[in-house]
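User: Please take a close look at the aromatic side chains in this model. I would like the ring pairs and their surroundings in one connected account, with the backbone and the cysteines brought in where they belong.

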Protein chains: 2
Amino acid sequence: MPRSKIARFAASAFLAAASGFVIAAFAPNTIRADEGMWTLDNPPSKILQERYGFAPTKEWLERIQHGCVNFGGGSGSFVSPNGLVLTNHHVALNQLQKMSTAEHNYVRDGFFAKTGSEEMPCPDLELKVLQSMDEVTKQVLAAVDPRATIAVQSSQRKAAMARLETEASQSTGLKCEVIELYHGAEYWLYRYKKYNDVRLVMAPEEQIAFYGGDPDNFSYPRHDLDMAFFRVYENGRPVHPDSWFRLSDAGPSENELVFVAGHPGATSRLKTVSQLEYERDCLRPTRITQQESRLKAIRAYAAESPENTRRAVDRDRGIENNLKRERAFLEILKDGPLLAQKRDAESALRARVAKDPKIAADCSGSWDKIASAEKELRGRYKQRLYRDLDRSARLVNLAENIVRYTAEVQKPNEKRFREYRDSNLPTMKFQIYSKAPVFPDLDAVILANSLEQARATLGPNDPWVKQALGGKEPMDVAKSLTQGTRIGDPTVRKQLMEGGAEAIAASADPMIVWVRGLDPIYRELRTWYEDHVETVESLEGGRIARARFALDGHSTYPDATGSLRLSPGKVAGYKQLTTDVPWKTTWFGLFDRSTSFDGRHPYDIPARVAAARGKLDLAGPLNFVCTTDIIGGNSGSPVLGKDLSLVGLIFDGNVQAFGWEFAYDDAQGRAVAVSSAAILQSLRKIYDMNNLADELQSGRTASVPATSADASGSAH
Amino acid sequence: MPRSKIARFAASAFLAAASGFVIAAFAPNTIRADEGMWTLDNPPSKILQERYGFAPTKEWLERIQHGCVNFGGGSGSFVSPNGLVLTNHHVALNQLQKMSTAEHNYVRDGFFAKTGSEEMPCPDLELKVLQSMDEVTKQVLAAVDPRATIAVQSSQRKAAMARLETEASQSTGLKCEVIELYHGAEYWLYRYKKYNDVRLVMAPEEQIAFYGGDPDNFSYPRHDLDMAFFRVYENGRPVHPDSWFRLSDAGPSENELVFVAGHPGATSRLKTVSQLEYERDCLRPTRITQQESRLKAIRAYAAESPENTRRAVDRDRGIENNLKRERAFLEILKDGPLLAQKRDAESALRARVAKDPKIAADCSGSWDKIASAEKELRGRYKQRLYRDLDRSARLVNLAENIVRYTAEVQKPNEKRFREYRDSNLPTMKFQIYSKAPVFPDLDAVILANSLEQARATLGPNDPWVKQALGGKEPMDVAKSLTQGTRIGDPTVRKQLMEGGAEAIAASADPMIVWVRGLDPIYRELRTWYEDHVETVESLEGGRIARARFALDGHSTYPDATGSLRLSPGKVAGYKQLTTDVPWKTTWFGLFDRSTSFDGRHPYDIPARVAAARGKLDLAGPLNFVCTTDIIGGNSGSPVLGKDLSLVGLIFDGNVQAFGWEFAYDDAQGRAVAVSSAAILQSLRKIYDMNNLADELQSGRTASVPATSADASGSAH
């Protein structure tokens, strides 16, 4: 019937965005905001004093530094004098998955150690705590001859960094890393204490940790108990950290000044326009395509049985999470005015640089040099992205690490790939020797998918594809490798590692042979990338950042790099559509959301939580939002009050914070956290973990012999 | 400090929209949707059969027709065989306000009649129930000579309508109205039974009826108990309606087919582009300006004392509500692609018309004629909008009605302004004789604001402004009139009405004298408008609509006109941002929203509701959304299941439904309703109104003598 003749119209651009992904349209923002992921050597003291009347002291900053725990891609903090560490369930997920079996599904069912003896060792979790840091910019740059070729400069730079790391490691016994900040304008030596004996204490059921599933992921209002507790041991005893944060009984108040301290992974805020255009045209679209295909393959595998579902759950969630982010990033880069505004800002900076002969002499050509590097990269990015095997296929990843480890250690430290430098070898070994289970059938699915995508994109005549497939079908290759290899057995891996390059050369293990065959192609491409792109981005990006310092002073923060950062902000709701979004949610809200969907998945509540409904103070806080500047990697970061009590646990940003990848904005963008009050209430009223709650609230533990319970707590 | 040098960006266009008003960007929509506000003579039977497998019968439609109650700007329905009527609290607000005193604030505190004798008569509430309807297009159009001048055609058209009304009223004793549908393509005679003895039975506290206040208005998820009960009496006894709807115990289910039956007021979906452009450039911006100024004046008055606040509350809410809508409408007209798409649709229709000589002969010039009329209107719209005194200044409104009534009844019925035709005189008298309180101080504020705006916009030399102010200041004129007049006394009004035109001519009452002086200027402008704009829009709009019928058949619905309509749809949530919005909210959600804002206004919960928290089934439904097509005027409409049980009570649309003024879209647009289960639960567990709940559930009443409790219930 002709109802279409009635003028009918679909949703607005805004509504389309609202039903899909964020289409950002950034505009210059002149309001003051709680922007910044500050390094601890350069806290925003002036801003804090002006805006909040608060002045951080050196001692206060040190307490933060020593209380924060680096999870390598995630964050956490000490929350008792007996080595108890709090992080997110989704940061712990990978370990939970590795600790689970077909009989004991700790991901689904949670894990609850009532005594120290029940605490379960993690297979391959290494934690780091930053002990000290020093700037080494001069030392690194002095080693680089700007008149040399880029390849030479690249070697010089890497060699200097390796040298500084080794010297520092040897003199301190700590794990030392030289990191780049401001895209190469500064180099810093960070010294970490490292822990390898980490035991799981408590994790709730995934369904309450990740309540609302993929739809609610990055959403707010939110109702997640995204937490997990580990305990750090040394010499078989719980450690007594130099600093720890006591959980606040009540959680934060509205408008309270809070601090997030953690390890934001990466942002693109200071990148040049040509770098962002590369992301828009090449990197982001490719990642989306790759992950969509990967997710499909993994879901087909998971659908085959409940055990397959269990095995694949962390891969599924990881890809789902990344896809949501990548799609949003691509929308922001493609459809919003972001790039136009970045272009304007870049032109303005270049014009200012041009007016100062001294600054211009150093960096006026830097933008064009980076643009040339990006142009070169466009010619090889598909090789780079499609020849990269998915690390979540563990057998493949193990083989690659073993083959490369044994080859790299043959070379002088200064000439190795970064991850095989002496400073990182213990960590690499720890991972290779992990006793975590391997799932050859799942690895085959992932590997076959990688190979299929590589062949489809690079073509069957690409040297890597040719070598990888040898004329066979991807799934045949993948099955043959994963079924034939013996490196799933840790003792086999140990033999190969100890046998070194000779053992690898002699090995007939099909996976080792296969990786060995691909290795030269890998090395060529990686070296090409480092010499043609990475080094240019770093050297020239460093010049641009130094020009900014020269023009505007040093009162700024670097793009996120996974190093420890401090983000101040306040606890505050926001306006959305035409109404108010509250600063916190309550347990009432959890039960509302579940009953509003008639309890259907992913809005179902685990039996244990539902059963506690009558006991819970439903008006108590559950999650809250704050303006603190975060990004992926901040997951598990403590939210601290001025007195360094822990009021919350960061676990997400809302969709309006997707744009923070490129520029901070607090109109609606928010970090999302679990309230400390919710953590305590759940331990006491849902999980019968009163000992753990007591330890968090008193700083003492009944379950672990408290050898120095009165010592060194920093949150008193 | 130079933090602004860090590239920083404000919210996206989408986020800006999300924090302000809806910026719509309509695009052609080809999905099937539950569009349409159908007249009961032309239900969408084919669609219903195809989509839902449901065929409405004649008897089913009659039950709806006789169960629905017209509130004149609002909707309602019979919900017991003893004349009980359910509508929204905000539809009842005007009566509640008029019934309240400084001592008894029924708006704030609610009203609860436990027995029939406690039911309180409303001062001036007239309800109508549609008895029958017949098309009279031929009779009206036969009376219009298309070769005559527009002024003559206007007279002919109005005369024909008046004649048909009078004939029908005399032959049936009912209140008969001729209405236009499809912008003049059809004329229908609607015959109503009218009720003037309406008594208030129950209304909850405003704070739970309008929970969340202005921020949550038009928002969803929502938590309002926006309900009120009246009982209709005749000859001192409750009436026994021909049809009524029994409240469903449980409310609707997700995806259930439901029907909204009510009185949508006005939509602009079939208007021509020139009409929409007039709205965009003139009507909407002016209304916003006027209302913003009015609201400011009323709030200044209200701030003076709690009693002033009480007196002004309904005006404040009314303007606040309109402003939110008007601002959204303006955004949609200005910033979205709506108009571009309307232009395309109009061009396409004109092209099709041009291809058919017969249709073209009738209407090819219609668009241009309407455009000419709009152009003329642009020359006088400011006079029209600024000389229009705000009816909420009751003393002014009463004086206008009395002066015009006595003048109009001197003329033959056919020549009068529409609202003074014989068919409407009893209603007019009922309102003039209302014993509702008057507040001269509030009226002075409103009148002074109208006069100030008129002088500022039209200038001091505008004839109307000159006459109205007589060289004095607006507030002096307003105070002198409102303090000097005696028409606040109903007996004075009665004397003037009975004295007729002579009494008016002889009156020295300052308000009467003042209105009398303005009346000729009013009459000139109104007649000009009717002859130059209204009649053109109707005659030519009718031709365009008939062209549509000729090309596409009659399977469509007319723009809303306040007449009874049926809107089918389904109970369904939607996607927003990247997550799911549930189809219903629960009582858990109410307590969550309140505690999430730490109970601050407008998120506070009335004491009585809070006290019942332990008794309530918190998992029970509170509000829900459905795709049924509604607009302002539908407030109070029943949401009916296929079996005609009442599952909900419409009280709002969400912000994504603002665009429904111009085009329906169900991607996110939704009608918002109170669940019948929430109504019943609140009566029993919060308000101790078990008798009322029993009456709703059983169809019997203990509080009113049930003279025919077994009779004529239609929802059995």
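Analyst: Two rings of Phe, Tyr or Trp (its six-membered ring) count as a pair if their centres lie within 6.5 Å; planes under 30 degrees apart make the pair stacked, and planes over 60 make it edge-to-face. In this predicted model, 42 aromatic pairs are found over all chains.

One of them joins A:Phe112 and A:Tyr687: the ring centres are 5.1 Å apart and the planes meet at 25°, so this pair is stacked. A:Phe112 belongs to strand β4 (residues 111–112) of chain A, while A:Tyr687 sits in the loop between α24 (676–686) and α25 (690–698) of chain A, so the pair ties together parts that are 575 residues apart in sequence. Burial is defined as under 20% relative accessible area. A:Phe112, at 18%, counts as buried, and A:Tyr687, at 0%, is buried as well.

Another pair is formed by A:Tyr278 and A:Tyr381, and it is edge-to-face, with 6.0 Å from centre to centre and 85° between the planes. Here the partners come from two helices: A:Tyr278 lies in α10 (residues 273–302) of chain A and A:Tyr381 in α14 (residues 366–386) of chain A, so the contact ties together parts that are 103 residues apart in sequence. Both A:Tyr278 and A:Tyr381 are buried.

Beyond single pairs, one aromatic cluster consists of A:Phe218, A:Phe329, A:Phe658 and A:Phe662.

Rings also meet charged groups. In chain A, the charged end of A:Arg404 sits over the ring of A:Tyr522, 3.5 Å from the ring centre. In chain B, the ring of B:Tyr529 has the charged end of B:Arg384 over it, 3.5 Å from its centre.

Aromatic residues appear in the nonpolar packing too. The largest nonpolar core has 140 residues, and those with the most contacts inside it are A:Phe229 and B:Phe229. Leaving out residues up to four places away in sequence, B:Phe229 touches B:Val79, B:Leu84, B:Val85, B:Leu86, B:Arg199, B:Leu200, B:Val201, B:Met202, B:Ile679, B:Leu683, B:Leu692 and B:Leu696.

A tyrosine also takes part in a backbone feature of each chain. A:Tyr220 and A:Pro221 are joined by a cis peptide bond with omega about 0°, and A:Pro221 lies in the loop between α9 (213–216) and β10 (228–234) of chain A. In chain B, the bond from B:Tyr220 to B:Pro221 is cis, with omega near 0°; B:Pro221 is placed in the loop between α9 (213–216) and β10 (228–234) of chain B.

Other backbone angles deserve a mention. In chain B, the loop between α24 (676–686) and α25 (690–698) contains B:Asp688, a residue other than glycine with a positive phi, near 55°. B:Asp688 is partly exposed, at 47% relative accessibility. A:Asn255 has a positive phi near 70° and is likewise not a glycine. Its place is the loop between β11 (237–238) and β12 (257–262) of chain A, and A:Asn255 is partly exposed, with a relative accessible area of 49%. A positive phi is also found at A:Gly173, near 75°, where this residue follows α7 of chain A. Helix α7 (residues 150–172) of chain A has 23 residues and should span 33 Å at 1.5 Å a residue; its end C-alpha atoms are 33 Å apart, which agrees.

A tryptophan contact turns up at helix α19 (residues 474–484) of chain B, which includes B:Val477. Apart from residues up to four places away in sequence, B:Val477 touches B:Leu451, B:Ala468, B:Leu469, B:Lys472 and B:Trp514. B:Val477 is buried, with a relative accessible area of 6%. Its C-alpha atom is 54 Å from that of B:Ala361, and these two residues are 116 apart along the chain.

The cysteines remain. A disulfide needs two cysteine sulfur atoms within 2.5 Å, and the count over all chains is zero. For A:Cys626, the closest cysteine sulfur is in A:Cys68, 14 Å away, too far for a bond. The sulfur of B:Cys626 is 14 Å from its closest cysteine sulfur, in B:Cys68, again too far for a bond. A:Cys626 is buried, with a relative accessible area of 0%, and B:Cys626 is buried at 0%.

Technical notes
Residues numbered from 1 in each chain as written. Chains lettered and ligands numbered in written order. Predicted model: local features only at pLDDT ≥ 70, side-chain atom pairs only at ≥ 80, totals over all residues. Heavy atoms only, no water. Buried < 20%, exposed > 50% of the residue type's maximum accessible area, 1.4 Å probe, protein only. Core = buried A, V, L, I, M, F, W, Y, C linked by side-chain atoms within 4.5 Å. Contact = heavy atoms within 4.5 Å. Helix = DSSP H or I, 4+ residues; strand = E, 2+ residues; numbered from the N terminus. Lys NZ or Arg CZ within 6 Å of the ring centre and 35° of its normal. Expected span 1.5 Å × (residues − 1).
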